[in-house]
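Biologist: Could we go through this model together? I have a few short questions about it.

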Amino acid sequence: MKRTWRFWLALWAGKIITMGLLVTGKKGTTLPGKIANWIDPLIMHHLSVAYNEGIIMVTGTNGKTTTANLLANILRQSEKNFAFNQAGANLVTGITGALIQNTGWKGLSRARLALLEVDEATVPKFCEQVAPSLAIVTNFFRDQLDRYGELDTTVRMVKGSLPKETVLVLNGDDPLVAQFGTNHISTIYYGVERTPDSRCESQETREARFCPECGTVLDYSLFHYGQLGIFKCSGCGFHRPEPKILANDVHTNEELLLFQVDGVLFTIALQGYYNLYNALAALTAARELGLNDRVIEKGLRMFIPQAGRMERFRLPQGEITLTLVKNPTGFDQVIQTMIGVDKPLGIIIGINDLAADGRDISWLWDVNFERLGIHEARIQKVVCTGLRAEDIALRLKYAGVSIQKLVIEHSLVGALDRLKSDKVEGETWFVLPTYTLLFPLREILENQKSAGSTNMGTKDRGEEARA
């Protein structure tokens, strides 16, 4: 398809806006793409054809950002040059903005490979213009029903949009994802043998009780979490496929997650066994791209959590872990991770109900906060913040958390101050916000970390002078 005057106007407008935003200290991830798409609705297609080494798409409900960043770190270790929407802007506007940033004024791409995180609801629009060479599908869980609609609709929409020639990297332990490989030309599955948290029975929220092929109730011999596990349908024979990439000997060591694949030991500095699947997805894609295990192992081991996904901030008062929460299954896994930390807990939970968070917060009643009630003796305080602070406090009260340990504080700075007050020995802190609270909290924590580093430096220099 020939580039028209609309393309050039859209590209140049996008680049000028990007430059202006960067000069003013802003990220410039969405607005350039929004204006460019308004000028030329086909600009994403025109930009994508330059990536003759392939376009990797990462989609699914949970783990998109972490998976994409893990794979990006592996690609950097291999010294590959690639375009990447690293900021996590995964709608059409953000993807277009990332491609514009990687394109020069003459319309030439600076890379031949692209790694793009794509929101599930955006996949149809994305695949109308872009033919991904490889697509990673992480999992499907109920998420923001007022935005996405019913989960079956989302799964059907994504499945129907993927080109037949695209190589699919699929989570074989999720029946909703595993079905994508049926009759597809090229499919690679990854999965987990078992984790220390795997169980033969589960009371957790499951999105796939029924076979996606025939509707019969699925039988499980092992649950990892949610509907992820080893499953089989007695009606039609649909079952958990044999993974090409299978993790075994899964365990933790302090803040590290360790596992083996084909006898090779891999390590990631991420908490929570659910992050094992993100590492496996990145590992599988990297092998498919022809990278060797030495490079992959180093890329995973050197990965630093970021973007509010189990991201750690070391402050003078102690360490805070920041992680996004947005749906019942994801929140359940974060709670499981916190409980697994054998220390006193201080927690902030921030709930907003803006458009990006989902207006309907009834999903909070599907989160297993009762686990916090059971382990209440270890909880020092839970600070509730955000527009719906009172709602989450009420939910926690009914989950068995003592009202004496519940604090409502709408100011984000105040919430962090309340969290850090009256610290007991060994206490560890977790901050769990929904999307629109994530980056404001992250900015505050970054500023406090910088201020702490400056103060520590001043203190060190003063001690040196006295010496």
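Modeller: The discussion below turns to confidence, a surface patch, a loop residue and a helix.

Biologist: What is the mean pLDDT of the protein?

Modeller: This is a predicted model; its mean pLDDT is 91, and 95% of the residues reach 70 or more.

Biologist: Where does pLDDT stay under 50?

Modeller: That applies over residues 456–467, for which the model has zero contacts beyond four places in sequence.

Biologist: Turning to the surface, which residues make the nonpolar patch of about 430 Å²?

Modeller: Trp-12, Ile-16, Met-19 and Trp-105 make that patch. Trp-12 lies in helix H1, which spans residues 5–23.

Biologist: Why does Trp-12 count as partly exposed?

Modeller: Because its relative accessibility is 38%, and partly exposed covers the range between 20% and 50%.

Biologist: Now Asn-90: is it buried or exposed?

Modeller: Asn-90 is buried, with a relative accessible area of 13%. Its place is the loop between strand S2 (83–84) and helix H5 (92–101).

Biologist: Which side chain does the side chain of Asn-90 join in a polar contact?

Modeller: The side chain of Glu-117, at 2.8 Å. Beyond neighbours within four places in sequence, Asn-90 also has contacts that include Lys-64, Asn-85, Ile-95 and Thr-122.

Biologist: And which residues of helix H11 are buried?

Modeller: In H11 (residues 293–301), Val-295, Ile-296, Glu-297, Gly-299 and Leu-300 are buried. These buried residues pack against helices H4 (64–77) and H10 (274–288), and against strands S10 (256–261) and S11 (264–268).

Biologist: What does a side-chain oxygen of Asn-292 reach at the start of H11?

Modeller: The backbone nitrogen of Arg-294, to within 3.1 Å.

Key. Residues are numbered from 1 along each chain as its sequence is written. This is a predicted model: local features need pLDDT of at least 70, side-chain atom pairs count only at pLDDT 80 or more; totals for chains, interfaces and linings use all residues. Side-chain values use heavy atoms; hydrogens and water are left out. Patches are made of residues with over 30% relative accessible area and no salt bridge: like charges are joined within 9 Å, nonpolar side chains (Val, Leu, Ile, Met, Phe, Trp, Tyr) within 5 Å. Accessible areas come from the Shrake-Rupley method with a 1.4 Å probe; for residues, only the protein chains shown count as cover. A salt bridge is a side-chain nitrogen of Lys or Arg within 4 Å of a carboxyl oxygen of Asp or Glu. Helices (H or I, at least four residues) and strands (E, at least two) are DSSP runs, numbered from the N terminus. Buried means under 20% relative accessible area, exposed over 50%, partly exposed in between (1.4 Å probe, protein chains only). pLDDT is the predictor's confidence in each residue, from 0 to 100. Contact means heavy atoms within 4.5 Å. A polar contact is a pair of N or O atoms within 3.5 Å; within protein, one must be able to donate a hydrogen and the other to accept it, and residues adjacent in sequence count only if both atoms are side-chain atoms.
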